[in-house]
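Open the model in your viewer and keep the selection tool at hand. Follow the stops in order.

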Amino acid sequence: MRRNKKLILFVFACFLFFAFFSTGCGSSNVTGVTTAGGQQPKNGGILRYPLLDDPISLDPANFNEELGIEVGKEIYDGLVELDFDKNVIVPAHAEKWDIKDNRVFTFYLRPGTKFHNGKEVTAEDFRYSFDRLLDPDTGATVAWILENVKGAAARMSGKTEDTEGIKVIDKYTLQITLENPSPSFLSWLAHPGAAVVDRETVEKAGKDFKATGARPDIVVGTGPFKLSRWIPKNVIKIVRNEEYYGRKAYLDGVDFKIIPDTTTILNEFRAGNLDFIDHIPPGQKSLVEKEFPGQVIRNTIWNIEFIGLNVSKPPFKDNVKLRQALNYAIDRDGIIRVVLEGNGVPAKGVLPPGMAEYNENLRGYTYDPAKASAFLAEAGYPGGRGLPPLELAYNVREQNQKLAEAVQAQLQEVGFPTKLKGMPLPVYQREVGAGALSMFRLAWSADSLDAGCILKPLFGSKAENFFHYKNPEVDRLLDKAQSVAEQGERIKLYRQAEQIIVDEAPAIWLFHPVNLYLKAGNIQGVQTNPMDIVPLSSIWISG
Amino acid sequence: MVRFIVKRLLALIPILLGISFVSSMLFYIVPGDIVTVMLGQHVDPLTYANVRKALGLDLPFWENFIRFIQGVFCGDLGYSYIQQRPVNQIILEAVPVSVKMGIMALLINIIVGIPAGILAAINDKRISGRVLNSSSIIIFSFPAFIAAMFMQLILGVKLGWFPVSGSEKGMLSYVLPGLALGLPLSAVNARLARASMLEVMTQEYIISAISRGLPYRRVIIKHGLRNALIPVLTNFGMFVGAFMSGFVLTETVFNLPGMGRLVFSAINARDFPVLRGILFISALFAVLTNLLVDLIYARLDPRIATVIVGENTDAAG
């Protein structure tokens, strides 16, 4: 029958169609790269930027998550900002400040700055905003920013109605007193969580302020953009704040498109529906660099990824040689090649390159299987005999799975019997926090310009106790560094502490990750920084 | 009949109470702590306690359960931990998306599956029939997520015929997800239709219709198809179940904010109020659908009515 022939042809055509197009994947659709050489930034245009999910809310009190920060930093401003070119803190609402003993901070506000609703920002607004973060009824996840302020603990446990250490001196002067000296504090005030909010709006909105999909008249900040629409699981639209006190944004606005899958995000970018991507699907990084030459931006993050070792339990307890042997058994370059597709910097110690405290001359560990075997024998387990199997725990994610398998293979080569234990994140995080795991994958990010923000919570004896690591000398050095005002002196102390920690090896140091961003050819002015925050107000669209 | 309906509706109460009880237990027995995840690098005991309290995580089991039951009577399914807004609102936003995608998938399933099955049956002895039959096996064996990604890349990115993802372009947005979801299942449908058609075609009334000289095409459509479709239609109920499991994946790849994605993210984030709301609504929906199906059967076939209703005198009235 004629019809049947047609049918066969159709089926064949379908197969051919699929075969043809599938071989062509990944080779076309490259938009030309225009260099910004000498071009003047110009105003206009909407940037289309993907988010993996909705932020929990656009209440700064909840900005303890990447998503909230990505949007929130554009809508809200605080007292200060970080400048990563010079690693210094620069003015935002505070035009200048005095610091006494890293303990008493006096801020002098810029007069005449305004909220998105037109009201003027005063010192009282900042007092309210900070006190609100400590108010137990707020339940702020970013309360840690201010937990060292005098009287914070009393306020957080509901014993007082305000915070002792936060004082309004006059309309434009605010004074904050800390319980203990902290060189990190000023950096922390640059966190988007420490933003100024309008009391009247917040109190009128009540619970709605915390909700996903909050209305623009509730989300009122002072930043370079203001919220114009939020449709949950769809899009968040922000537009330029024409009344901004600083340099106004070039873009007319940004559409944050909510797309949960990184492969879908990449496909939307290929189709020309997105302008900037900050999450490239694992396994496709090198492909993307070939597909979009000149459009990939690499950025080393201030983060250290390591395998923590519980030094309070056998076999790691009182056995430095064993812990060092583990460090010599790891081929960091190999792991970076296999797991990160080459996007990482091998870690010699704790602190990432780029931080002022980073030590070029740190005695770290290199890949040396012979030395690892020798140390293993010295530790009392020649050839791994007598060593109970190590259990490497991690939260299940594609990259962590690959990492754990690579580490396992390398350790077994030297003679460490190793088992893997993958866990869901909420369970894993609790177990790590409780210090219950023997060997665990963890990454730690710097959240201030001061290395104390990494060293103290991880290795100070009052710390989180993931490793159960305690060393009075490290404690002394870290405590001293906290109160030293002069940065050069502080750097010396931190470097000494880091060397002791690295020598004692409560962890297998792995790498500092490098993040990849992908931008459309006409996107200019992308400024990356080591805290993985891309400010959108400096971005502009050419031609 | 009225008594039957009332009886069935009353039986709903213990079912829904049971579902509420079990899903409220989830809050307390599923391991993992969402607050430690939210706090990340900065877990301190005071912050931890305050955040737990603000989210309502510190309630004891009975209070949690009773509050939920009270809420249900007022049509309120509770408040999401993560999104900090009513569960009702969250579910109401997600349902239409999944319904639209389901309808699209069902349409594609019918449009592709049934004709393919019938063509395969009437050409059973010819090459075209065999090609159809074997390609349905190939299509069915193709992993759904690979099919979804292929379609996205080819029909969305390369050709630009359909939106790559999202739900902004109206029904056009649902074509690719519908294809990804409906096509593999249409292969099942085609095989079912083929088998049923083959069986019908050997029946005596078909042979006699052909021998009486009726046009072949009319015999196929009027006499064959009608009877062959009954087992296919009976199976649609099963397809709805199969669709549900495909929702999570398809909605994620095509970025449709429907029920599948909602369930997935609620489980990942340990957002139990949302999960409990979904379980409650799905139970309600399942029970009511079953009741409806029973009633339709009773209308269609008095013999069934006797069995399920147990009082055939009522069935007439």
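Start with I99(A): its bridge partner in β5(A) is F105(A). Helices (H or I, at least four residues) and strands (E, at least two) are DSSP runs, numbered from the N terminus. This is a predicted model: local features need pLDDT of at least 70, side-chain atom pairs count only at pLDDT 80 or more, and totals for chains, interfaces and linings use all residues. Residues are numbered from 1 along each chain as its sequence is written, with chains lettered from A and ligands numbered from 1 in the order in which they are written.

**The sheet in chain A**

Widen the selection to β4(A) and β5 (104-109) of chain A. They pair in the antiparallel sense over 6 bridges; pairing requires that DSSP finds at least two bridges between two strands. Now show the 4 strands of the open, antiparallel sheet, in the order β4-β5-β7-β6 (chain A). Its edge strands are β4 (94-100) and β6 (166-170) of chain A, each paired on one side only. On average, neighbouring strands of this sheet are turned by 20 degrees against each other, direction ignored.

Add helix α3 (residues 123-134) of chain A. The helix packs on the sheet and touches β5, β6 and β7 (173-177) of chain A. Its direction makes about 175 degrees with that of β6(A). Angles run from 0 to 180 degrees between N-to-C directions; axes are lines fitted to C-alpha atoms, for helices over the stretch in contact. Contact means C-beta atoms, placed from the backbone, within 7 Å.

**A helix further along chain A**

Select α9 (320-328) of chain A. Which of its residues are buried (20 or more other C-beta atoms within 10 Å of their own, C-beta atoms being placed from the backbone)? They are L322(A), Q324(A), A325(A), L326(A), N327(A) and Y328(A). These buried residues pack against α11 (369-378), α12 (398-414) and β18 (507-519) of chain A.

**Over to chain B**

Colour chain B separately. 50 residues of chain B are in contact with 51 residues of chain A. On the chain B side, α7(B) gives the most, with 8 residues. Other elements giving two or more residues include α2 (34-39) and α5 (87-122) of chain B.

Stay on α5(B) and add α8 (175-201) of chain B. The two helices pack at an angle of about 35 degrees, their axes 5 Å apart.

Key
Contact = placed C-beta atoms within 7 Å. Buried ≥ 20, exposed ≤ 12 C-beta atoms within 10 Å, placed from the backbone.
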